[in-house]
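Here are some short exercises on charged pairs and nonpolar cores. Open the structure, try each task yourself, and then follow the worked solution.

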Amino acid sequence: MSVPLERIHDLGDIDGDEWRMVEKKGNQFMVNDQPFYINGFNTYWLMVFAVDQSTRGKVSEIFREASSVGLTVCRTWAFNDGQWRALQKSPSFYDEDVFKALDFVISEAKKYKIRLILSLVNNWEAYGGKAQYVKWGNADGLKLSSDDDFFSDSTLKTYYKNHVKTVLNRVNTLTNVTYKDDPTIFAWELMNEPRCPSDPSGDKLQAWIQEMAIYVKTIDPNHLLEIGLEGFYGSSTPDRVHFNPNTVAQQVGTDFIRNHRALGVDFASVHIYADSWISQSISDAHIQFVKSWMGAHIEDAEKTLGMPVVFAEFGVSVRDAGYNASFRDTLISTVYNTILASTKKGGSGGGSLLWQLFPDGTDYMDDGYAIVLSKSQSTSNIISLQSTRLMIFNSLCSMRCHWGCKKKNVLDGFLYLNDL
């Protein structure tokens, strides 16, 4: 069903002009001592689009559209290493125009009351990634043979730490707020989908996670931090590996439980790609996997880790055999309903982020997963309803403590939507 957008805005406008840092208390996110369950999205290319005035408007457009359906968190890249429109052209050398573009992304997000998860490097070669760091190292005289040397070589670790320090200490040229002090930033992400297949034991990646998590926290103890993992179970939990989508998942050097026990990590991240991991042909098995995968990680986040878990990427590709929009809506609804089931009992299901939301006219960037809200009314309605439901839970404390009759009536009107 379609939810009136102006009523979503009424629900979301809880604290007027207050804009405070997101915190974690136990297994929940909090803002100003109120719950903050998130419905969000990914649009990874915002910084690159913001560089050029001819495409900068697309950044504003996607934030405006996301806000219109109640989305409150966007995950995007705070890196582009050695590539076209690189932020970091070479170790510790930055393109100021690109940095100003990232300034714009952050300032624009706040205008639409959207917070950002900023990822700091890629595991994959797109936008540079760990492979680019290895190339830089070899150009400086190192003799590195594997991209996984990124995780262990002292010089490459220094390159990465310098990038972290530069980004976190950046003073936004538009707002004059230092990134590490900006509540618009929801969290830092160490790396997009880290993997270290050269060391299936996981020791190399675990050491890197621990070192870098502590390093980030020494610079910025106030923002939340997550790793960026896909969520595969490893050798520390042999009783959980059966939840993995395939046998390869246990051989990529990651370990969901062990990795998230690293000091300084505040919440867990999990990705969901049944069509990549199980089969590229659409089937009901994908839906069953989503339920099983999410259920296991929410349970572990609650009972073992004691922290929230965010399903930070999920989607369905239009390139999958047998794809249809109805199946995509079913999968999205499955993710949303699983989050809601956790939310209703105060569980660790902290929220989810669609991969990925695009404005109209950016089809050439589409990897198959893009959702254009203006062309996907049924999907837009599902997203809008989920946002509204989560806003209800986020607002309950406010209703008791602060809200006047007008907002309380708005809330009461939503409490009975679709057997909430």
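**Exercise 1.** Find the residue with which Glu 313 forms a salt bridge, and say which parts of the chain the pair links.

*Solution.* In this predicted model, start at the side chain of Glu 313 and look for its partner: it is Arg 75, with the closest N and O atoms 2.8 Å apart. Next, place both residues. Glu 313 sits in strand β12 (residues 309–314) and Arg 75 in strand β5 (residues 73–77), so that the pair links distant parts of the chain, 238 residues apart. Finally, check the surroundings: Glu 313 and Arg 75 are both buried.

**Exercise 2.** Locate the salt bridge between Arg 170 and Asp 103, and decide whether each residue is buried or exposed.

*Solution.* First, the distance: the closest N and O atoms of Arg 170 and Asp 103 are 2.8 Å apart. Second, the location: Arg 170 lies in the loop between α6 (154–168) and β9 (185–189), while Asp 103 belongs to helix α4 (residues 96–111), 67 residues apart. Third, apply the cut-off, under 20% relative accessible area for buried. Arg 170 counts as buried because its relative accessibility is 11%. Asp 103 is buried too, because its value is 0%.

**Exercise 3.** Do the same for Lys 58 and Glu 61.

*Solution.* Begin with the pair itself: Lys 58 and Glu 61 form a salt bridge whose closest N and O atoms are 3.3 Å apart. Both residues lie in helix α3 (residues 53–68), three residues apart, about one turn of the helix. Now use the accessibilities. Lys 58 has a relative accessible area of 22%, so it is partly exposed. Glu 61, at 17%, falls under the 20% limit and therefore counts as buried.

**Exercise 4.** Which residues touch the most other members of the largest nonpolar core, and which helix gives the most to this core?

*Solution.* Of the 113 residues in this core, Phe 41, Phe 63, Phe 150, Tyr 160, Trp 188, Trp 208 and Ile 272 touch the most other members. The helix to pick is α10 (residues 284–305), which gives nine residues. Then zoom in on Phe 63: leaving out residues up to four places away in sequence, its contacts include Phe 41, Leu 46, Cys 74, Val 105 and Tyr 112. To finish, look for a second, separate core of 14 residues; among them are Val 22, Val 31, Val 310 and Ala 312.

Technical notes: Residues numbered from 1 in each chain as written. Predicted model: local features only at pLDDT ≥ 70, side-chain atom pairs only at ≥ 80, totals over all residues. Heavy atoms only, no water. Salt bridge = Lys/Arg side-chain N within 4 Å of Asp/Glu carboxyl O. Helix = DSSP H or I, 4+ residues; strand = E, 2+ residues; numbered from the N terminus. Buried < 20%, exposed > 50% of the residue type's maximum accessible area, 1.4 Å probe, protein only. Core = buried A, V, L, I, M, F, W, Y, C linked by side-chain atoms within 4.5 Å. Contact = heavy atoms within 4.5 Å.
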